[in-house]
Amino acid sequence: MIEIIINGKKIKTEEGKTILEAARENNIDIPVLCNHSDLKPGASCRICAVEIKGSKKLLPACATKARPNMEVITDSPKISKTRKINLELLFSQHKEECFDCVWNGECSLLDLVDKYKVKINRFDDRKKNYPVYQFGNAIQFDSSKCIDCRNCIEACHLQGVDFLEIKEKGSLFQVVPSETKDCIYCGQCLIHCPAGAFESVGEFEDIEKPLKQKDKIVVFQFAPSIRSTLGEEFGLPYGKLVTGKIVAGLKRLGVDKIFDTCVGADFTTTSEAEEVVERIKSNKNLPVLTSCCPSWVKFLEQKYPEFIPNISTTRSPQVILGGLIKTYWAQEQGLDPKKIFVVSIMPCTAKKFEIIRPENNVLGMRPVDCVLTTREFARLLMRHKIDLSKLKPEKMDNMFGNPSGGGGVMESAFRTAYEKITNTKLKNVEFKQVRGMQGIKETEVKVGSKTRKIAVINGLGLAKKFMEEIKSGKRKGYTCIEVMACPGGCVGGGGQPVPTDAKIREKRALSLYEVDKKKKIRKAHENPIVKKIYKEFLKDKKLAHKILHTSYSRKGRGLIKKI
């Protein structure tokens with residue numbers, strides 16, 4: 001430990017920590033803009049500038065290491081003047097469209113404007129003619145709003161993608177998409193941008209229209225992580241569960257039916273378990289790589305095509321449930337599937353891309369017609385003047401029953417696979433080693449006479465390193481590997497509310513684990529609706545394959561266009 005002085009107060013901190021970290025540990029406020037705990041300090045915005053005794057110039061607190069007996073001042077007329085000028089210069093390269101921003105008026109830029117009495121229009125917008133780029137059908141990047149903090153570039157690099165690059169343009173620099181690499185639509189650029197330069201491609205019009213059409217049956221489903229994140233958009237605490245309120249909000253919108261994507265996950269894990277069993281018995285295409293995360297799948301298709309045969313052919317939960325809605329449910333209700341409009345609320349920008357993959361079509365139809373991110377759904381409710389925080393919880397429709405509580409996809413699939421192989425129940429194994437916020441989690445389970453290795457990875461950068469070690473032979477003997485593209489998994493997805501960081505993601509996840517613990521049915525294949533539909537509807541193997549399975553191939557670059 002070392003001792004430093006901030007604003008005349010002696011404090012202790014660990015050697016190697018920055019002034020900003022030391023200040024935060026002691027509840028001393030230093031304003032920041034570009035700084036994010038997930039990323040390396042860029043020190044680009046200089047809003048965190050502080051005075052240090054012995055230094056003639058102000059230094060960024062985010063990138064300056066604390067030294068023994070260092071004397072720091074965090075606020076003074078000189079500091080305030082510098083911060084104000086820096087903010088005015090930042091606004092000269094940031095086109096203001098606060099009415100249409102992912103931050104929804106709650107951004108740090110506006111807070112700092114109020115604090116330092118900034119004239120945001122003191123200088124002309126130097127980037128007003130910069131282009132808007134669209135990446136596939138998932139993400140838009142308005143470079144006229146970019147403040148050159150380079151958080152997006154760092155986030156993209158940490159994901160092992162490096163799709164976003166910096167390019168010199170006259171006297172300025174410009175963030176641009178790579179001319180050779182591909183976007184995997186994870187949206188980490190979006191949730192790490194402090195200026196709202198990135199947003200998901202909105203689909204409000206696509207949803208509003210069918211809601212007004214009397215001949216359309218509008219069905220919504222929503223992913224598990226939505227229930228612990230949506231409340232943030234309405235001022236509720238991080239991790240607050242709002243499942244019943246979501247249902248109530250959807251009913252206020254006039255939605256016809258509301259189902260739980262978690263039931264789709266039970267079908268996914270049951271089908272995936274069958275694949276695991278088959279591959280273990282044949283000893284082919286191991287390890288099994290999960291297929292629920294579309295960014296991970298696209299990443300593999302682009303960067304590791306040799307592992308395409310290892311990807312589980314089972315479709316993701318939203319796609320399977322959408323397919324069952326337009327086949328099984330439509331048949332049960334005597335409905336024309338072409339008149340059913342399925343909308344998914346997802347934590348992920350890449351789910352927009354997943355639903356347009358032709359390999360996922362069912363009997364010539366898209367299983368899901370439209371995907372809304374958590375943020376977009378919040379804006380839809382707000383547009384209709386529906387305050388989620390004030391709604392009384394209501395129950396979902398039970399045509400597809402209640403989901404099981406088998407944990408993550410690979411964990412749940414492995415529970416089922418174990419029982420199919422050994423004809424015994426897996427007892428006293430809660431797979432705690434593969435849960436939590438750590439990037440790479442591993443465990444081993446003895447199946448018969450052989451020990452099986454399982455890995456769960458959050459974050460594509462770590463997954464890339466893991467796959468390289470498998471290729472080199474450094475890592476061996478894995479049976480199943482689950483990968484989620486985003487840090488923390490879906491709770492940290494690119495469609496989730498902002499801000500987000502490790503502490504916020506942990507609160508979101510803990511709420512979901514508590515829900516999981518209370519489930520009476522612990523295995524997907526024991527869910528009554530799964531048994532019923534497999535027995536009565538999916539007994540036709542060809543039909544089952546069309547609904548439950550998909551295919552993969554090495555793709556060309558996704559569509560990138562200027563708007």
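Start by selecting Lys117: this residue is exposed, with a relative accessible area of 62%. Bear in mind as you click around that this is a predicted model. Lys117 lies in the loop between H3 and E6, and its phi is near 50°, a positive value in a residue other than glycine.

Stay in that loop, which runs between helix H3 (108-116) and strand E6 (132-135), and pick Phe123. Phe123 counts as partly exposed, at 32% relative accessibility. Now add Ile85 and Leu89 to the selection: together with Phe123 they make a nonpolar surface patch of about 220 Å².

For another positive phi in a non-glycine residue, go to Asn69, where the angle is near 65°. You'll find Asn69 in the loop between strand E4 (59-60) and strand E5 (71-73). Asn69 is exposed, with a relative accessible area of 58%.

Next, show helix H8 (residues 261-282) and helix H10 (residues 317-333). Their axes come within 7 Å and cross at roughly 100°, so H8 is roughly perpendicular to H10. Which residues meet here? From H8, select Thr261, Gly264, Ala265, Phe267 and Thr268; from H10, select Pro317, Gln318, Ile320, Leu321 and Leu324.

Follow the chain on from H8 into the loop before strand E13 (288-289), and stop at Pro287. The peptide bond from Leu286 to Pro287 is cis, with omega near 5°.

Now for two arginines. Select Arg357 in the loop between helix H11 (350-354) and strand E15 (370-373). Buried or exposed? Arg357 is buried, with a relative accessible area of 6%. Beyond its neighbours within four places in sequence, Arg357 is in contact with Val297, Glu301, Ser551, Tyr552 and Lys555.

The other arginine is Arg375, in helix H12 (residues 374-383). Arg375 is buried as well, with a relative accessible area of 3%. Light up what Arg375 touches, not counting residues up to four places away in sequence: Val102, Leu190, Ile191, Ser200, Glu233, Gly494, Gly495, Gln496 and Pro497. Put a distance label between the C-alpha atoms of Arg375 and Pro497: they are separated by 5.7 Å, with the two residues 122 apart along the chain.

From Pro497, move along to Val498 and Pro499. A cis peptide bond joins Val498 and Pro499, with omega about 0°. Pro499 lies in the loop between strand E18 (478-484) and helix H15 (502-517), and that's the last stop.

Note on methods. Residues numbered from 1 in each chain as written. Predicted model: local features only at pLDDT ≥ 70, side-chain atom pairs only at ≥ 80, totals over all residues. Heavy atoms only, no water. Patch = residues over 30% accessible without salt bridge, like charges linked within 9 Å, V, L, I, M, F, W, Y side chains within 5 Å. Areas by Shrake-Rupley, 256 points an atom, 1.4 Å probe, with all protein chains shown as cover. Salt bridge = Lys/Arg side-chain N within 4 Å of Asp/Glu carboxyl O. Helix = DSSP H or I, 4+ residues; strand = E, 2+ residues; numbered from the N terminus. Buried < 20%, exposed > 50% of the residue type's maximum accessible area, 1.4 Å probe, protein only. Axes fitted to C-alpha atoms, helices over the stretch in contact; angles between N-to-C directions. Parallel < 35°, antiparallel > 145°, perpendicular 65-115°, else oblique. Contact = heavy atoms within 4.5 Å.
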